[in-house]
Amino acid sequence: PYSPWVLESARRLLAEEGAVSFYATGLPVSCVREAFTQLFRFGTYPLVRDLMSRSLGGSEGGDAAVAAKLGAGLLGGAISGVTASPADFVRIRLQAEQGRLAADGRTMETGLRAGLPPRLTSSSAAFSLIVREGGAIGALWHGTSVNALRAAVLTMGTVPVYEHTKFLAKQHLGAKDAPSLHLCAGIVAGLLGTTVAAPVDVVRTRLMTAPASATMASTVVAVWREAGPLGFLRGWWPAYMRLGPVLLLYPAF
């Protein structure tokens, strides 16, 4: 098993598979997954926020009601989680089973399947295997409930927080809409979003790499028994390193 520490796992991957493995593993399906999630997480957020705010008798834009902002983030996140779930499932399975092939080309030399024959050589192979194992195309939506929950919590803890942090800073601190404000708002949203989504993220990843018979409840119990409460924060740093740059460089609101 890989170490629970980020740097140790990174050093192992670098030594065993090289720097290219950090980018090449599951990149196409990761791009598909991001396209779906960002479409609903960021793309539809202003429209849904304004519709909700008007229905509550509030204003639009940054002056919209906090409830409307949070509701828009929650709804957009949940929809993005459902639509991107197949790509997310494939991405996680593909990355979990990757490694370097042995010289004979028949077995894996590194990774979690070291000593075993390779099963997932591409995104399309992963899609096919999941469908065959599940017996139907619906198997691609395994873990969708926890995926939608994770996306909803993450989006609610980032996009509205990013926007409202900027709004409060302008209103109460006299801050100008400048790159420095975007940077500070991105840091706040990244820290809060990563933290509130971390427990669901851990359960989501464990559930999608477990047998089809696993449930959300059984996965939660397994994580608790293995590592206690801190087990639900495992992988916080790489999660923030992935989310933080997106928010720091996103000046749309």
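**Exercise 1. Classify Trp237 in this predicted model as buried or exposed, and work out which kind of aromatic pair Trp237 makes with Tyr240.**

Step 1. The relative accessibility of Trp237 is 55%, and because exposed means over 50%, Trp237 counts as exposed. Tyr240, in contrast, has a relative accessible area of 16% and is buried.

Step 2. The ring centres of Trp237 and Tyr240 lie 6.5 Å apart with the planes at 85°, and since planes over 60 degrees apart count as edge-to-face, the pair is edge-to-face.

Step 3. Trp237 and Tyr240 are 3 residues apart in helix H11, so about one helical turn separates them. In general, an α-helix has 3.6 residues a turn, so residues three or four places apart point the same way.

**Exercise 2. Determine how Trp236 and Tyr240 are arranged, and which residues form the aromatic cluster.**

Step 1. The search of the whole structure gives 4 aromatic pairs. One of them joins Trp236 and Tyr240, with 5.4 Å centre to centre and 10° between the planes, and this pair is stacked.

Step 2. Trp236 and Tyr240 are 4 residues apart in helix H11, which spans residues 236–248, and they are therefore separated by about one helical turn. Both Trp236 and Tyr240 are buried.

Step 3. Taken together, Trp236, Trp237 and Tyr240 make up one aromatic cluster.

**Exercise 3. Describe the surroundings of Arg91 and find which network of salt bridges includes this residue.**

Step 1. Arg91 lies in helix H5, which covers residues 66–96, and because its relative accessible area is 12%, Arg91 is buried.

Step 2. Leaving aside residues up to four places away in sequence, Arg91 touches Val29, Ser30, Arg33 and Arg204. A polar contact of 2.7 Å also joins the side chain of Arg91 to that of Asp88.

Step 3. Asp88 in turn forms a salt bridge with Arg204, whose closest N and O atoms are 2.4 Å apart. This pair links distant parts of the chain, with Arg204 in helix H9 (residues 179–208) and Asp88 in helix H5, 116 residues apart.

Step 4. Both partners are buried, since Arg204 has a relative accessible area of 3% and Asp88 one of 1%.

Step 5. The network of salt bridges links Arg33, Glu34, Asp88, Arg91, Arg150, Asp201, Arg204 and Arg242.

**Exercise 4. State how many salt bridges the structure contains, and examine how exposed the partners Arg206 and Glu226 are.**

Step 1. The count comes to 20 salt bridges. As a general point, side chains of opposite charge can pair when their charged atoms come close.

Step 2. The side chains of Arg206 and Glu226 meet in a salt bridge of 3.0 Å, N to O, and this pair also links distant parts of the chain, with Arg206 in helix H9 and Glu226 in helix H10 (residues 216–227), 20 residues apart.

Step 3. Arg206, at 30% relative accessibility, counts as partly exposed, whereas Glu226, with a relative accessible area of 57%, is exposed.

Step 4. Glu109 and Arg100 form a further salt bridge, with the closest N and O atoms 3.0 Å apart. Glu109 is partly exposed at 45%, and Arg100 is partly exposed at 36%.

**Exercise 5. Compare the span of H10 with the expected value, and identify which residue follows this helix.**

Step 1. H10 has 12 residues and reaches 17 Å from its first C-alpha to its last, which is close to the 16 Å expected at 1.5 Å a residue.

Step 2. Gly228 follows H10, and its phi is positive, near 75°.

Note on methods:
Residues numbered from 1 in each chain as written. Predicted model: local features only at pLDDT ≥ 70, side-chain atom pairs only at ≥ 80, totals over all residues. Heavy atoms only, no water. Helix = DSSP H or I, 4+ residues; strand = E, 2+ residues; numbered from the N terminus. Buried < 20%, exposed > 50% of the residue type's maximum accessible area, 1.4 Å probe, protein only. Polar contact = N/O pair within 3.5 Å; in protein donor to acceptor, adjacent residues only side chain to side chain. Contact = heavy atoms within 4.5 Å. Salt bridge = Lys/Arg side-chain N within 4 Å of Asp/Glu carboxyl O. Expected span 1.5 Å × (residues − 1). Phe/Tyr/Trp six-rings, centres within 6.5 Å; stacked < 30°, edge-to-face > 60°.
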